[in-house]
Amino acid sequence: MNESNQPPVVMPGGNVIQPRAILWCITIVAVGLSLFQLFSAGIQPLGLFYQRGIHLALIMMLAFLMFPVFGGSRPRGVLGWAIDALFFAGAVITGGYLVINLDEIFSRAGFWSETDILVACIATATVLEASRRAVGFSMTVIGLIAILYAMAGPRGELPWLGEWMPGILDHRGYSLDRIAGQLYLGQEGIFGLPLGVAATYIFIFVLFGAFLESTGAGKFFIDMAYAATGRQRGGPAKAAVLASAGMGSISGSAIANVVTTGAFTIPLMKKLGYKPKEAGGIEAAASTGGQIMPPLMGAGAFLIAEYTNTPYLEIVKISILPAIMYFATVYLFVHIIALKQGMQGMAKSELPQMRQVMRDGWHFLLPLGVLVWLLALSISPMRVGFYAVVTMVAVAVLRYAVWFMFIAPKKGEAVTAHRIKEVSAAGLRKLVEGLELGARNAVAVSMACAVAGIIVGVVGLTGLGLKFSSMMMAFSGGNILLALLMVLLASLVLGMGLPVTASYIVLIVLVGPALTEEFGIPLLIAHLVVFWYSQDSNVTPPIALAGFAGAAIAGSKPMETSFQAWKFAKGLYLIPLFMVFNPEIIVGGPVPLVIWNGVIALLALGAFAAALEGYLFTRMGWLSRIAISIAIIGVFYPNLMAEVAGVVVMSVAIVANWLASRRETAVAA
């Protein structure tokens, strides 16, 4: 194909310039992928390897079409077309060979043929290259390091490499045939649990989120948040918190959430009086919270459910209270800043009316209602996602049909055959747009899960997880706080190059055994802690991706905005600690104890926000702030007397601050 004969087109959502023919190919593959996922989710479920093999092949085909080998800022050229065509063929082979020869591969059961090994090598190289393009170079490097580690050792392909490793990481080493079989022909490698979750649960809900986005649900949630909070002090910032809670769980990406809701909320926050760095930081912290907010929690709820063998609905239930705690902390930060700076709310005339918002967008709540209702009936999440997508499409079609047939004629728009044809074509384009957007949005997370499968396969092959457990015990000296600090630092380092989903999978495979077996943390809490800590790369300098996105919209310095986001997102670090030392709020216990733990946690987080800002009802003295900080440690310590003492100190400090504000008001009057 001669690229110069194709008119270049800028792809939506990026600066990748593509020929129009390639855009058509992207649309065809993306729509085909989405239709395949809908078919396998709601009409004809497929076997494990069939589902994952076809899914991965289509995802990689889409990745090689969307992301040229040398980047999108210049034409591919002859060499670029050749390389892309080669890897595109590799994507087809990766899924096609497995699906066509599955019975024969099972019958060989470990005695792989030369063709099996050759295709396994092609598949592994293709997955790593697709990940480099869709996710980033860091993910590919970690995958390569894992493969090299498997080869190191006296019996491996690279025995000399094993001589450079510390004794605790030493292992026997494995041949190329053994590694290739583990990664491609078994259930613990590329086609393992991470890709399985991506190919079933995650994709269908990403598709659901895409249909919500393409039909205008984002604006509905934002308008609803503004109508509810806009007239309060710091109204736009509070609206940002609520809108991000609603949209963040569905979008699956904190950065996408910042860009979506921040385009509306950040300018209004600046207009109200928030500093640009504060506005960007608030939006980044709130958007990050969307990833821990039920029912979807980005992709985390499905992964945690699969890894812990816990029903998905149970993960949703236990995650509600921690998510409320997080957003309550961000909300209080917003309120305190508004009080400190004497802000007022927005004028009623500048805000949408709740009645009008609900009248225009009530239909967006129906698919969400169907989703929650079906989940409550314990139906498979994949089937629930299918019905949610179908409901979303049906509601959109019915609503537009009612408007076109009954409301439009009253406004002078005649219902003619030509208009019906135009409306039908527009509806079909909207349907294709939603199907394509869902597939595009799923490329990064599916490729991250595929490479995570490589890492998980190597960990299982070499026993690296148990070695990491020994290392954690050695470095922490058996101290659980030090161990959690190591997990936090590891998540931050991994998060600099990996998306949240991949960071969580890698971390839980490496440190999960140590947290549960060596430190006695319940399995479910260990997974939640690692998942929460995996979010910190969005808001923690020096690489705070959501903070950088907020800074771009706010027009502030990225590092300053990131520090603000880090401050507002402190619940991301404190709440997991509270889960560990007060597990009743997750695993359950006597009702009075659960209520007590929930109340003191909210009180501690609120007092912490006030102490950090130095303001609650009025300015706080240093003595009060120090006393509250010490009291918070007592509240988090798993001892009833320490908790009661901490609550008393915090309560006294808060009441004293309230009385001081009353005295100041009386003097001013």
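Ala, Val, Leu, Ile, Met, Phe, Trp, Tyr, Cys and Pro are counted here as nonpolar, Asp, Glu, Lys and Arg as charged, and the others, Gly among them, as polar. The model is predicted, with local features requiring pLDDT of at least 70 and side-chain atom pairs pLDDT 80 or more, whereas totals for chains, interfaces and linings use all residues. Residues are numbered from 1 along each chain as its sequence is written, and side-chain values use heavy atoms, without hydrogens and water.

The mean pLDDT (the predictor's confidence in each residue, from 0 to 100) of the protein is 83, and 94% of its residues reach 70 or more. Residues 1-15 have pLDDT below 50, with 31 contacts (heavy atoms within 4.5 Å) beyond near neighbours in sequence. Where pLDDT is low, the predicted coordinates should not be read in detail.

The second largest pocket (on a 1 Å grid over the protein atoms alone, an open set of points where a 1.4 Å probe fits, with protein on both sides within 12 Å along at least five of seven lines; lining residues have an atom within 4 Å of a point) holds about 690 Å³ of space, a volume being the space filled by probe spheres set on the grid points, which are joined across faces, edges and corners. Its lining comprises 23 residues, with Ala 396, Val 397, Tyr 400, Gly 427 and Lys 430 nearest the centre. By class, 15 of the lining residues are nonpolar, five polar and three charged. Helix 18 (381-407), helix 9 (193-214) and helix 19 (417-462) each contribute at least two lining residues; helices are DSSP runs (H or I, at least four residues), numbered from the N terminus. The greatest contribution, nine residues, comes from helix 18.
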